[in-house]
Amino acid sequence: MKNNEEIPIETLSENQLLLREGAKIAKALGEMFAPTCEVVLHDLCNPLHSIVAIEQPLSGRKIGDPSTEMGLARIRDPQYPDVVQNYGNRFPDGRPAKSTSIGLRNSQGEYVAALCLNMDVSLLDSVQRVLSQLTSVDSEQAPTQESLRSSFGSKDVKRAIEDYAAAMSSQPRALSTPQRKVLIRHLATSGLLQLRGAAKIVADELGISRASVYNALKVEPTRGV
């Protein structure tokens, strides 16, 4: 079917109208998903030369080429599914494709055409691998837990104390002496204890003196046997 646009609509058969409208859809979809998706319109009434429109011909096919195996199956079997969606496929050069085939019927329920989309997923697979590599992290934890902030303040010190106490199922002032030592050393390692006024905040939150805060940082001498 050629140049249907020039033929008065009243002279077109129902099947020709379906093909004409299908060609519009094929063109729109091809342009929308370019350059990764091939869109093909088949005339199932002419299986030996079924392709009447093809956008983004990634398979290398052209207008006038024959129907595929799925198109022939639709022609043979009126009960063949109207839509076969998102099935794996391959282009002639081996590139993987994701395909969808839509059968178009006339008012008598006969298959007249098939609109097929074949998306080249090889590029997307490559992008997915790159993104996976970019977002992967080492399984081992860093020796110091890091927080990427522009600055720290008194609220961060209080939050760190509250979070630790909650992890211990306790309140800051109810922490045991060993737990307080672990917390204070963690605050020192993370840099929070070096903030101006941090020692006083820690002392107030834990209910101890500032001297006790600094004493918790002292390394206890190893006793000989």
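Strands β4 and β5 are joined as a hairpin in which five residues lie between the two strands, and within that turn G109 has a positive phi of about 80°. The model described here is a predicted one, and this hairpin is a convenient place to begin reading it.

The pairing of β4, which covers residues 96-105, with β5, which covers residues 111-120, is antiparallel and extends over nine bridges. Two of the residue pairs can be picked out by eye: T100 has L117 in β5 as its bridge partner, and I102 is matched with L115, also in β5.

On the other side of the story stands β3, which forms a hairpin with β4, again with five residues between the strands, and here the turn contains G94 with a positive phi of about 100°. Strands β3 and β4 run antiparallel and are joined by six bridges, and one residue pair to look for is Y87 with its bridge partner S99 in β4.

These strands belong to an open sheet of five strands, whose order is β2-β1-β5-β4-β3 and whose pairing is antiparallel. At its edges are β2 (51-55) and β3 (83-90), each of which pairs on one side only. On average, and with direction ignored, neighbouring strands of the sheet are turned by 20° against each other.

From the sheet we can turn to the helices, starting with α4. This helix comprises the 14 residues 154-167, and because a rise of 1.5 Å a residue predicts a span of 20 Å, the 20 Å between its end C-alpha atoms agrees with expectation. Just after α4, S169 takes a positive phi of about 55°.

Which residues of α4 are buried? They are D156, V157, A160, I161, Y164 and A165. An α-helix has 3.6 residues a turn, so residues three or four places apart point the same way, and this is a helpful thought when following the buried positions along the helix. The cover over the buried residues of α4 includes α5 (177-190) and α6 (198-206).

The packing of α4 with α6 can be described further. Two packed helices are described by the angle between their axes and the distance between the axes. For α4 and α6 the angle is about 35° and the axes are 10 Å apart, and α4 passes α6 in a right-handed crossing. On the α4 side the contact is made by S154, V157, K158 and I161, while α6 contributes A198, I201, V202, E205 and L206. By character, the residues of this contact divide into six nonpolar, one polar and two charged. Of the α4 residues in the contact, V157 and I161 are also among the buried ones.

Conventions:
Residues are numbered from 1 along each chain as its sequence is written. This is a predicted model: local features need pLDDT of at least 70, side-chain atom pairs count only at pLDDT 80 or more; totals for chains, interfaces and linings use all residues. Side-chain values use heavy atoms; hydrogens and water are left out. Helices (H or I, at least four residues) and strands (E, at least two) are DSSP runs, numbered from the N terminus. The expected span of a helix is 1.5 Å times one less than its number of residues. Buried means under 20% relative accessible area, exposed over 50%, partly exposed in between (1.4 Å probe, protein chains only). Contact means heavy atoms within 4.5 Å. Two strands pair if DSSP finds at least two bridges between them. Axes are lines fitted to C-alpha atoms, for helices over the stretch in contact, and angles run from 0 to 180 degrees between N-to-C directions. A crossing is left-handed if the near helix is turned anticlockwise from the far one by less than a right angle, and right-handed if clockwise. Ala, Val, Leu, Ile, Met, Phe, Trp, Tyr, Cys and Pro count as nonpolar, Asp, Glu, Lys and Arg as charged, and the others, Gly among them, as polar.
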